[in-house]
Amino acid sequence: MRRSDREVKDINEIKKIIESCDCCHLGLIDGNMPYVVPMNFGYEFKNGRLALYFHSAHEGKKLDLIKQNNSACFAMDCSHRLITGDAPCAFSMEYESVMGSGKITFLENIDEKIAALKILMKQYSSNVEYTFEARHSNSVTIFKLDVEEFTAKRFKRQRSLK
């Protein structure tokens, strides 16, 4: 990482960043071109490993691409705040971000799919525990990105106390 002064290594801080993000950009391979799609997501850390969960319709370009090549990358960012300056090059942006890569698998087991739907809902409504039935999980395709590597960054300008 070029700006190691901005790297976030503490796993609890990384979780806070992920929890603050509301969109994950999933990068897939489309022949010799990248294909990036913004998606709702859920996440879990289990046994020290990060997994991202997504749901979609049963058909479409992203599913076709995943079936051809299950390698993927992702990026999510949040906490944006423009920092203005006296000159154009003095402008900057505060942010927090997490990005990485891994392999996608489709979930087929009903119990795994229901658990994934609960994880997805937790990202957007953390104070509510939803109940799902098999018919709910069968109405969507659910897939998981097992993250093999990731990095997190944060830039927050130090504010002076007056």
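**Exercise 1. Placing the helices against the sheet**

Task: Determine which strands helix 2 lies across, and at about what angle helix 2 runs to strand 1.

Solution: Helix 2 lies across strand 1, strand 2, strand 4, strand 6 and strand 7, and runs at about 60 degrees to strand 1. The axes behind this angle are lines fitted to C-alpha atoms, for helices over the stretch in contact, and angles run from 0 to 180 degrees between N-to-C directions. Helices (H or I, at least four residues) and strands (E, at least two) are DSSP runs, numbered from the N terminus.

The model is a predicted one, in which local features need pLDDT of at least 70 and side-chain atom pairs count only at pLDDT 80 or more, while totals for chains, interfaces and linings use all residues. Residues are numbered from 1 along each chain as its sequence is written, and side-chain values use heavy atoms, with hydrogens and water left out.

Helix 3, which spans residues 110–124, lies across strand 3, strand 4 and strand 7, and runs at about 110 degrees to strand 3.

**Exercise 2. Reading the sheet**

Task: Give the order of the 7 strands in the open sheet, and find which strands stand at the edges.

Solution: The order is 2-1-5-6-7-4-3, and the pairing is antiparallel; two strands count as paired if DSSP finds at least two bridges between them. Strand 2 and strand 3 stand at the edges, each with a single partner strand, so one side of each is left without a neighbour in the sheet. From one strand to the next, the twist averages 30 degrees.

The next step is to look at one edge in detail. Strand 3 (residues 42–46) pairs with strand 4 in the antiparallel sense over 5 bridges, and Y43 stands opposite L52 in strand 4. These two strands form a hairpin with 2 residues between them, where N47 in the turn has a positive phi of about 55 degrees.

**Exercise 3. One face of helix 2**

Task: Identify the buried residues of helix 2, and explain why they line one face of the helix.

Solution: The buried residues, meaning those under 20% relative accessible area (exposed is over 50%, partly exposed in between, with a 1.4 Å probe and protein chains only), are K62, L63, L65 and I66. Seen down the axis of helix 2, they fall within an arc of 160 degrees, so they line one face of the helix; the arc is that of the directions from the helix axis to the C-beta atoms. On the other side of helix 2, K67 and Q68 are exposed. The buried residues are covered by elements including strand 1, strand 2, strand 4, strand 6 and strand 7.

**Exercise 4. The nonpolar cores**

Task: Find which residues of the largest nonpolar core touch the most other members, and list the contacts of L26.

Solution: A nonpolar core is a set of buried Ala, Val, Leu, Ile, Met, Phe, Trp, Tyr and Cys residues joined through side-chain atoms within 4.5 Å. The largest holds 28 residues, of which L26, L52, F54, F74, M76 and L145 touch the most other members. Among the elements that give two or more residues to this core are helix 1 (11–20), strand 1 (24–30), helix 2 (61–68) and strand 5 (71–83).

Contact means heavy atoms within 4.5 Å. Leaving aside neighbours within four places in sequence, L26 is in contact with Y35, V36, V37, M39, F54, A72, C73, I104, F143 and L145. A second, separate core of 11 residues includes A51, Y53, I114 and I119.

**Exercise 5. Salt bridges across the chain**

Task: State how many salt bridges are counted, and which parts of the chain the pair E13 and R154 links.

Solution: A salt bridge is a side-chain nitrogen of Lys or Arg within 4 Å of a carboxyl oxygen of Asp or Glu, and by this rule the count comes to 7. E13 forms one with R154, with the closest N and O atoms 3.1 Å apart. The pair links distant parts of the chain, with E13 in helix 1 and R154 in strand 7, 141 residues apart. E13 is partly exposed, at a relative accessible area of 24%, and R154 is partly exposed at 23%.

K61 forms a salt bridge with D30, the closest N and O atoms being 3.1 Å apart; this pair joins helix 2 to strand 1, over 31 residues. R135 forms another with E133, at 3.0 Å between the closest N and O atoms. R135 counts as exposed at 56% relative accessibility, whereas E133, at 42%, counts as partly exposed. Salt bridges that share partners also join E13, K16, E96 and R154 into one network.
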